[in-house]
Amino acid sequence: MTNRDSFKTTWGFILAGVGSAVGCGNIWRFPIMVSRYGGLTYIIPYLIFVVLVANSGIMEEFALGRSAKAGPIEAFGSCTKRAGKGEGLGSAIGIVPVLGSLGLAIGYTCVFGWIVKYAFMAITGKLFAIGPDMDALGYTFGVETAAPFSNNNWIIIAAVLALLIMIFGVSKGIETANKVLMPALFALLLGLAIYIATLPGAADGYKYILSIDPKGLADPNTWIYAFGMAFFSLSVAGNGSVIYGSYLNDDEDIPFSAVRVAVFDTMASLLATCVILPAMAAGGISCDSSGPGLIFIYLANVMNSMPGGKIVGILFFVLFVFAALSSIINMYEVSVAFLEGKLKLKRFLATAVAIIVGAVVAIFIQGIASDWMDVVNNYICPLGALLAAIMFFWVSGDEFALTEVNKGARKPRGKGFIILGKYVFCIASIVALVAGVLLGGIG
C-alpha cells in the first residue's frame, strides 16, 4: 500500500501496545487464576514468564511486522521468500494467525457486549437494584446476558464502539484513542485499589495475594497455566503484535517499547487483583472462589453491599469497557489490514466489513462463547505465535533477526536474544500448544 498509516510517537505506540495487551485477561482472567492457585504461588511463575515473553516473543513480533510493513500473511511470505522457498508458502502459513485473530475478535465481541451491558446497568442503577442476591445476579449473567441470542443489542453497540475508533485509522484512531483510554484505565484502577484498601476485611485479600504454597509451586500445572496466562495477556499470538509492529518506523526502539508494554500490562493485572480479591474479602467472600462469575456475579454482589458500592461499580465497569475496547480494536485490525492490503478496500469499508462479520458471528455463538474462546486460545493462538517465532528466528536466520530487532535500538540486543527466542521461547510455545491439547487450556 502507498502512504501507509503509522504510529506518530513512541509513547503513542507503547500505549497502543499496552491497550492491545490489557484486556479481559488482565481484569478478569488473571484475578481468577490468582484466586484459583493461591496468590504468589501463581504470581511468581507468571512474572518469570512475562520476562521471557517480553524479551523474546513481543520483540520478535514487533520486529517481524516492521520488517515487512504488513500483517502476518505478507510478513510470513517475506520470510520464506528470503530463505529461497517462495513467498507463497509463508503466505499460506500466515493465514493461521489471521484466522486466530478474527476468531479472538469474534469471541471478544461477545464478552465485550457483556461488559458494555454491565457498565450500562451500573450507570443506570439497575445492577444495584438487584441487591446482594447471588442467585439473582447469577440469573442476570447466565440467562439474560450469556445465553444464546440474549445479548444481541449489546453486542451491536460494542461493535459500533470499536468501529467508531477504527475508521479513523492508526494514528488518528487507534493511537489517539489509547492515549486517552490507557491513562484513564490506570487512574481508575489505582483509585479503586486505594479505596478498597480502606474497607474493613480487605487485609485478608492482601494476605491471600501474598501467600505461597510450596506444593503449588512444585506442581507443573501451576507453571503451565502461568505461562499460558503470560502468553495470552501479552497479546503474543503471531497477529496483533505483528500488525502493530508493521506500523512502526525504522527508528523506533523495539526493545525499549516491548519491555514497557510488558511492564504496564503486568501492572494492570496486579492492580486489578488488588481491587478484586480484597473487595471479595471485604464482602465476606472467600478469595479462592474463582470462575467466570468472579466479576459478573461475586464482585457485583460485593459492590452491591459495600459502602460507596454504586460509585465503585460504575468506575469498575467503565474501566472494564476501556480495557476490552483497546484490545478488541487490535484484534480486528489484523483483518482490516488484510482487507486493505489484499482486496484494496478503503479504510472505512474494510473496517465495516470486518466488524460486521465479527458481530454477526458473535450473535450466533453467544451460547458457546466460552468454548469458542477456549479453542482459539488453546490451539490457534499458540500455534500462530510459534509459527511467527519460527519464521523470524529459524527461517529468516540469526543475522536477520538481530538486524531487525536492533534497528533504532539504543541498547542493541546480542546473541542472548537469539538463544532466548530461538530455543527457550520456541520450546515454551510448543509446551503451551501441547498443554492446550492435553489439559484443555493454558490460561
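These legends go with close-up views of a predicted model.

**View 1. A nonpolar patch on the surface.** Here's a spot where nonpolar side chains sit together on the outside of the protein, making a surface patch of about 630 Å². The residues that build the patch are Ile390, Trp394, Ile419, Tyr423, Val424, Ile427 and Val431. Two helices, α20 (369–395) and α22 (415–439), each give two or more residues to the patch. Which helix gives the most? That's α22, with five residues. Have a look at valine 424, which sits in helix α22. With a relative accessible area of 39%, valine 424 is partly exposed.

**View 2. Lysine 69 meets aspartate 250.** Side chains of opposite charge can pair when their charged atoms come close. In this view, lysine 69 and aspartate 250 form a salt bridge, and their closest N and O atoms are 3.9 Å apart. Lysine 69 is in the loop between α4 (57–68) and α5 (72–82), while aspartate 250 is in the loop between α15 (240–245) and α16 (254–282), so this pair ties together parts that are 181 residues apart in sequence. Lysine 69 is partly exposed, at 33% relative accessible area. Aspartate 250 is partly exposed too, at 41%.

**View 3. A salt bridge inside one helix.** Zoom in on helix α11 (residues 170–197), home to both glutamate 175 and lysine 179. They are four residues apart, which is about one turn of the helix. The two form a salt bridge, with 3.7 Å between the closest N and O atoms. Are these partners buried or exposed? Glutamate 175 is buried, with a relative accessible area of just 1%, whereas lysine 179 is partly exposed at 40%.

**View 4. Lysine 422 reaches across to aspartate 398.** We're back at helix α22, this time for a charged residue: the side chain of lysine 422 meets that of aspartate 398 in a salt bridge (3.1 Å, N to O). Lysine 422 belongs to helix α22 and aspartate 398 to helix α21 (residues 398–406), so the pair ties together parts that are 24 residues apart in sequence. Why does lysine 422 count as buried? Its relative accessibility is 13%, and buried means under 20%. Aspartate 398, at 24%, counts as partly exposed.

**View 5. Three charged residues in a network.** How many salt bridges does the structure hold? There are seven. In this last view, salt bridges link Glu333, Glu340 and Arg347 into a network.

Definitions and conventions:
Residues are numbered from 1 along each chain as its sequence is written. This is a predicted model: local features need pLDDT of at least 70, side-chain atom pairs count only at pLDDT 80 or more; totals for chains, interfaces and linings use all residues. Side-chain values use heavy atoms; hydrogens and water are left out. Patches are made of residues with over 30% relative accessible area and no salt bridge: like charges are joined within 9 Å, nonpolar side chains (Val, Leu, Ile, Met, Phe, Trp, Tyr) within 5 Å. Accessible areas come from the Shrake-Rupley method with a 1.4 Å probe; for residues, only the protein chains shown count as cover. A salt bridge is a side-chain nitrogen of Lys or Arg within 4 Å of a carboxyl oxygen of Asp or Glu. Buried means under 20% relative accessible area, exposed over 50%, partly exposed in between (1.4 Å probe, protein chains only).
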